[in-house]
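User: I have a protein model with a ligand and would like to know what stands behind the terms used for it. Please take me through them.

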Amino acid sequence: MSPDPTRPLRVGVAGTGMIGAVHVRSARLAGAEVVAVAASSPASAAAAAERLAVPRACADAAELAADDSIDVVHVCTPNSLHAPLALAAMRAGKDVICEKPLGVDLAEAEELAAVAAETGRILAVPFAYRFYASVREARARIAAGAAGDLRLIGGGYLQDWLADPEADNWRVDAVAGGRSRAFADIGSHWCDLVEFVTGLRIVRLTALTGSVVPTRGPAGATRAATTEDIALIQFETDAGVLGSAQISQVSLGMKNRLTFRVDGSAAGFAFDQENPDELRMARADGAVAVLPRDPALMSAAAAPYSLVPPGHPQGYLEAFELFTRDAYAAVTTRTVPDGLPTVTDGLRSARLVEAVLASAASGAAVDLRERD
Ligand SMILES: NC(=O)c1ccc[n+]([C@@H]2O[C@H](COP(=O)([O-])OP(=O)(O)OC[C@H]3O[C@@H](n4cnc5c(N)ncnc54)[C@H](O)[C@@H]3O)[C@@H](O)[C@H]2O)c1
């Protein structure tokens with residue numbers, strides 16, 4: 001069943017922390033009415049409802065997921081609540097935008113994929129970096145053969161917000177966040193983006209993980225950190241292209257330094273999430289050009305992801321807004337727009353997380369073909 005097309009979509013947001021507030025903003029910009037929020041307690045939901053100017057605070061997230069007046073549930077809670085809430089919402093006939101990772105392990109992601117298929121619900125996953133115009137441009141040019149033969153893929157996703165041992169977060173706890181932290185949290189974005197841009201699949205990987213901050217929390221109240229701060233992966237794709245990535249949440253000075261480089265025989269493409277309005281392109285003679293986010297210079301596939309004239313910076317919030325716009329288009333038309341990350345991509349990501357954990361534990365390469 002699709003929502004009544006004569007009125008705006010009615011959405012509810014469970015989890016009102018950093019990304020929950022981004023979802024509320026994006027939902028409104030994409031034309032929806034945010035009718036309710038839920039948080040970790042009735043009091044924090046009430047405070048969030050006031051802060052975000054949302055009319056209703058639910059007693060808990062289960063109430064929000066079951067609410068018949070809501071068309072789309074946004075799941076923005078700690079990871080361990082993603083699968084239970086998304087399952088409840090889909091079973092109650094709602095479409096869902098569920099934050100990554102889809103669950104704390106592969107089994108949860110598999111169940112979500114099975115229930116989405118069974119119920120026919122849309123489940124979109126905010127791999128929002130796909131929604132930069134520069135990323136779409138790199139994807140379009142690579143698909144058109146501009147890179148020639150792909151030779152090497154590189155880059156990583158580096159942050160520093162967990163560099164300080166006193167820095168703590170629910171993500172550090174394997175029960176709330178899942179056994180993988182750095183890779184599931186941000187390595188998942190890197191792999192999704194690189195597979196999206198190249199159209200290739202990682203089929204074999206080796207991984208090393210490191211926990212360099214063994215205890216976390218304020219002095220006198222520290223707890224053991226059981227999840228990784230760092231993950232390094234080396235991989236081969238289904239086309240035989242090799243690549244590697246560094247993932248870290250303890251690299252001083254790195255904020256959200258998600259970069260990728262795709263080296264081809266005819267051209268190379270390089271993207272930096274901290275400067276997303278530019279796509280660097282190297283020609284076969286080695287000359288380097290910078291393509292600004294300018295619809296006049298971009299392909300038809302990328303131009304719709306430019307919202308303001310070139311020179312006026314566009315960034316993360318606009319990428320999130322564009323993701324949400326496409327997710328709602330899927331909800332209202334029941335057709336998934338090109339490039340919208342769905343439950344299939346969330347499940348794919350969960351498989352990669354599992355492969356990284358397995359390789360890091362055994363020291364051996366993991367072949368993902370056996371698992372797909
Ligand atoms: N797609 C992206 O780019 C992106 C970016 C950041 C975070 N995320 C994902 O979003 C999720 C939330 O991350 P965050 O950084 O916003 O975390 P956060 O700690 O800032 O917020 C988590 C929120 O969940 C709420 N919460 C806790 N228990 C709850 C419960 N039982 N019921 C309802 N709400 C509850 C908390 O009150 C808090 O508001 C994570 O899964 C994370 O991986 C995705």
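Analyst: What follows covers the ligand, the spaces in the protein and two backbone features. The model is predicted.

User: What makes Gly 17 a polar contact of the ligand?

Analyst: The distance. A polar backbone atom of Gly 17 is 2.9 Å from an oxygen atom of the ligand. The cut-off is a pair of N or O atoms within 3.5 Å, so this pair counts.

User: Which part of Pro 126 meets the ligand, and which part of Trp 170?

Analyst: For Pro 126, a backbone N or O atom lies 2.9 Å from a nitrogen atom of the ligand. For Trp 170, an N or O atom of the side chain is 2.8 Å from a ligand oxygen. Both pairs fall within 3.5 Å, so both are polar contacts.

User: How much of the ligand does the protein bury?

Analyst: The protein buries 82% of the 840 Å² that the ligand exposes when taken alone.

User: Which residues come nearest to the ligand, and what puts a residue in the shell?

Analyst: A heavy atom within 4 Å of the ligand puts a residue there. The shell holds 24 residues, and the nearest are Asn 79, His 82, Lys 100, Trp 170 and Arg 171. By class, twelve are nonpolar, eight polar and four charged.

User: Why is the ligand said to sit in the largest pocket?

Analyst: More than half of its atoms must lie within 2 Å of the pocket's grid points; the ligand passes that test, so it is placed in the largest pocket. Helices H1 (18–29), H8 (182–198) and H9 (316–333) each give two or more residues to the shell around the ligand.

User: What is the volume of the largest pocket, and what lines it?

Analyst: The volume is about 900 Å³. The lining has 39 residues, with Met 18, Ile 19, Cys 76, Trp 170 and Arg 171 closest to the centre. H1, helix H4 (82–91), H8 and H9 each supply two or more of the lining residues. The lining has 20 nonpolar, 13 polar and six charged residues.

User: What makes a space a cavity rather than a pocket, and how many cavities are there?

Analyst: In a cavity a 1.4 Å probe fits but cannot get out, whereas a pocket is open. The count is two cavities of 30 Å³ or more.

User: What surrounds the largest cavity?

Analyst: This cavity holds about 50 Å³ of space. Its lining has 13 residues, and those closest to the centre are Tyr 132, Ala 133, Asp 277, Arg 293 and Gln 314. H9 gives the largest share, three residues.

User: Which residues line the second largest cavity?

Analyst: They are Ser 188, Cys 191, Asp 192, Glu 195, Asp 345, Arg 348, Ser 349 and Leu 352. Four of the lining residues are charged, two polar and two nonpolar. H8 and helix H10 (343–362) each give two or more of them. The volume is about 30 Å³.

User: Why single out the backbone at Pro 101 and at Ala 53?

Analyst: Because most peptide bonds are trans, and most residues other than glycine have a negative phi. The bond between Lys 100 and Pro 101 is cis, with omega about -15°. Pro 101 is in the loop between strand E5 (95–98) and helix H5 (106–119). Ala 53 is not a glycine, yet its phi is positive, about 55°. Ala 53 lies in the loop between helix H2 (42–51) and strand E3 (56–57).

Conventions. Residues numbered from 1 in each chain as written. Predicted model: local features only at pLDDT ≥ 70, side-chain atom pairs only at ≥ 80, totals over all residues. Heavy atoms only, no water. Polar contact = N/O pair within 3.5 Å; in protein donor to acceptor, adjacent residues only side chain to side chain. Areas by Shrake-Rupley, 256 points an atom, 1.4 Å probe, with all protein chains shown as cover. 1 Å grid on protein atoms, 1.4 Å probe; cavity = no way out; pocket = protein on both sides within 12 Å on 5 of 7 lines; lining within 4 Å. Helix = DSSP H or I, 4+ residues; strand = E, 2+ residues; numbered from the N terminus. Nonpolar A, V, L, I, M, F, W, Y, C, P; charged D, E, K, R; others polar. Points joined across faces, edges and corners; volume = space filled by probe spheres on them.
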